[in-house]
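Visitor: I have a model open and would like to walk through its interfaces with you. Could we look at it together?

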Protein chains: 2
Amino acid sequence: MQLASISKLENFVDQEVTLRGWLYNRRGKGKLLFLILRDGTGHVQCVCFRPDMDPELFARLEKLTYESSIQVTGVVKKDERSQGGFEIGVKDVKVVSEAEENYPIAIQEDTPNIDHLLDNRHLWIRSKIPHATLRIRNEVVQAIRDFFYEREFILVDSPIFTPNACEGTTNLFEVDYFDEKAYLTQSGQLYNEATCMAHGKTYCFGPTFRAEKSKTRRHLTEFWMVEPEMAYAGLDDVMDLCEDFLSYVVERCLTRARKWLDILGRDVTKLENVTKPFPRISYADACAKIIEKRAQLLASGSDDEKRIAKDAMTEPGDDFGAADETIIGMIFDKPTMVHRYPKSIKAFYMKADPQQPEYALCVDVIGPEGAGELIGGGEREDSLDNLLAAIKHHKLPEEAFKWYLDLRRYGSVPHAGFGLGVERTVGWICGNPHVRETIPFPRLLHRLSP
Amino acid sequence: MQLASISKLENFVDQEVTLRGWLYNRRGKGKLLFLILRDGTGHVQCVCFRPDMDPELFARLEKLTYESSIQVTGVVKKDERSQGGFEIGVKDVKVVSEAEENYPIAIQEDTPNIDHLLDNRHLWIRSKIPHATLRIRNEVVQAIRDFFYEREFILVDSPIFTPNACEGTTNLFEVDYFDEKAYLTQSGQLYNEATCMAHGKTYCFGPTFRAEKSKTRRHLTEFWMVEPEMAYAGLDDVMDLCEDFLSYVVERCLTRARKWLDILGRDVTKLENVTKPFPRISYADACAKIIEKRAQLLASGSDDEKRIAKDAMTEPGDDFGAADETIIGMIFDKPTMVHRYPKSIKAFYMKADPQQPEYALCVDVIGPEGAGELIGGGEREDSLDNLLAAIKHHKLPEEAFKWYLDLRRYGSVPHAGFGLGVERTVGWICGNPHVRETIPFPRLLHRLSP
């Protein structure tokens, strides 16, 4: 018995192989029965010809329930018309386990009920679209790790349990930690600032948590974030890194996950366009462009565009909302690096631009096609005095930052980094705006299972 | 100005470079001043010759505080006697930021105070031993990811928030999840069983949590675990995978992290010995060997060995304790695969051995040199009826397992996998028995900061 996987059939043309998987779909036509087998690596059509088969087995296969596990033995044939380019001429089928009737997930949902699908996420992940989406996630994550490993960034995992609610408890999940209170991390950045002083260039990559009550297509309570940090680096270094990084990750998906993008029906020309350089535009200039585009959309846009435009900014000053980000994504067809936001709307640790101290040396990278903010980053305040003043100004508890302040007492250097949300990135690459579909088991305001 | 990193000096012999880092150590000798610079990638001796330098700068460098950040410009010289093989003939030094006096960490701790060091973990990670240890962790983690990626296991992250305290709340951390209770994951295995039915071969790799009150050198409340799972696989496949996997990870460290193992003073011959095949021994046979070795140690062992022997088992039946594992690690000089433990002491989802149903088709891999259990795994129960009976027998809430039982209702297949703890593995490879030193920011019973 020569075992094979569906993704490797090209190595077995005209040979007899045994495939192990599950019955995904079926159709019959006269003496022919077509079984669509999935084995986790792909799908293949297995052709059963009645005169060549045991009549009892053929009859059983005509009625076999979907998702039954089966082992198919047959000859691999080239077939240009088939998805994947091959089909199997079946000699024998062994039923490993017959599935119960009424498998909860239909192959094609005409009116998909998202709650039903999420309730059955443990089964839904077997369907073509979720399966392909998670394949792309797999490629994105490995590409991220390879990118940093190859460039000699050192993985230094930041802790999940953190002792202080440094910036207020609003969006923090609280944990009973023996007799203390602990909080689940929202970002590893402060820890990265310590680790980059030890290793030069570091990154952390793990789950982060936000107890946000908002129910939007862009939010999860549990999501994965990768955060690099570099010692002896500034805002321009971060922007260079963002460009190299995002174009690398997209290129990896185009070359190594193309098959899955095709299954999703993704317009890959949009992704092929994600090459260096990316637009770099100041917050002030970006606001002017948003306001101009807003007027234009209100005057002559589609209904959808008008709706977006109504929510967009009418004057600079605030952080961007979803509508502003969407408009940026309409103006530019590449990820766009918006730098130097007003210092007042950014976190206390952001360094002021010495040329114009009311702006911070920060950057947000906003994806095209409505992807929203993919990256937030910038240069960190490296002066002890400035940082102490910022902590006071923001009315933060100085004691909680004692160790963080040590980094400025002992060998402070200019340093900078960013954070990228994995789910938004996967959603953008897949062309799927719902981040809940880009993580295997999404956690949302009212969703904690399966 | 030609920037360079210490790890790449071989590319700049006899050239002038600028290095950016921190003052790690210093000694003077007549007209010479030796500055040991660290830049995150390594350490190098920078030689200042008084007659060649600005007197004011020379005087400042003679007193410069440790961990001050400095930028050193000079010529790279080959020097066989130096660690790393190079030294720098200094032309100029720029002080970026002078560190405060009394840096809390001494370069060589004669009587290290572990609590003080852990309190200052954000600085301690700059010291040679923690720095090298975290470099090895970086290599171990990337090796793990590459191993599974290259073998086409698909990364499918399991959730951190889980809805049910399936097996009791004793060691679980509880979280206020809006108006519900959630628990932090102890293992992604049950989810992996769902994902391997979708992708064939999967793994998850993330932080896991145990609210254990024990204070041992082998326990953390937050640690990282990698868990592969394969559909259409059994116990032998898992043992083959364990062998391939552990020997790959060790080999990667030997080839790519050798420099850091040397800094730790690790006896690498012990690691070079970690090649396939590993011993495979049944629980029953392992018990007999432990009991035999126990008697031998009690009769003629050292005091330490006698102490261990006293804690070891005197008859088969229980799970192994630390002493039993240590003895296994004395008997065999490779990771040892102990299979088929009594079913009664293993989790409900373990499949019974059809040949001897009182034993489970499971395996623990026990490391040599007192490393303890590195891996636990085995074949999972794939029969719905048997699993329902096990859930009843263990008095577990059937409702909480509804989705898990679905995996046996729809397309059940033999499947198997394992879990490996990253910190114990890093500790074993580093030759450091304390897992608290193998994770950047350890979380322990009474330690939640920094």
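Visitor: Which residue forms a salt bridge with A:Glu67?

Guide: Happy to start there, keeping in mind that this is a predicted model. Between domain 1 and domain 2 of chain A, the rule finds one salt bridge. Its closest N and O atoms are 2.9 Å apart, within the 4 Å cut-off. The partner of A:Glu67 is A:Arg126.

Visitor: What area do domain 1 of chain A and domain 2 of chain A bury between them?

Guide: The centres of the two domains, taken over C-alpha atoms, are separated by 45 Å. Eight residues of domain 1 of chain A are in contact with eight of domain 2 of chain A. Carbon and sulfur atoms account for 45% of the buried area, which comes to about 690 Å².

Visitor: Which residues of domain 1 of chain A lose the most area to domain 2 of chain A?

Guide: By class, this side of domain 1 of chain A has one nonpolar, five polar and two charged residues. Three residues together make up 46% of what the side buries. They are A:Tyr24, A:His43 and A:Gln83.

Visitor: Let's turn to the two chains. What kind of rotation axis relates the two copies?

Guide: Chain A is superposed on chain B by a rotation of 180°, with 0.0 Å of shift along the axis and an RMSD of 0.0 Å. The copies are therefore related as by a two-fold rotation axis.

Visitor: And which C-alpha of chain A is nearest the axis?

Guide: In chain A, this C-alpha lies 2.5 Å from the axis. The residue is A:Val175.

Visitor: How many salt bridges does the rule find across the interface of chain A and chain B?

Guide: Here 101 residues of chain A are in contact with 101 residues of chain B, and the buried area is about 8,200 Å². One salt bridge joins the side chains of A:Arg409 and B:Glu100, at 3.2 Å from N to O. Across this interface the count of salt bridges is six.

Visitor: Which helix gives the most to the side of chain A that touches chain B?

Guide: Polar contacts between chain A and chain B amount to 52 residue pairs, both residues at pLDDT 80 or more. The side of chain A that touches chain B divides into 50 nonpolar, 22 polar and 29 charged residues. With eleven residues, the element that gives the most to this side is helix 4 (residues 128–150) of chain A.

Key: Residues numbered from 1 in each chain as written. Chains lettered and ligands numbered in written order. Predicted model: local features only at pLDDT ≥ 70, side-chain atom pairs only at ≥ 80, totals over all residues. Heavy atoms only, no water. Least-squares fit on C-alpha atoms with pLDDT ≥ 70 in both. Contact = heavy atoms within 4.5 Å. Buried area = accessible area lost by both parts, 1.4 Å probe. Polar contact = N/O pair within 3.5 Å; in protein donor to acceptor, adjacent residues only side chain to side chain. Helix = DSSP H or I, 4+ residues; strand = E, 2+ residues; numbered from the N terminus. Nonpolar A, V, L, I, M, F, W, Y, C, P; charged D, E, K, R; others polar. Domains from an automatic or database assignment.
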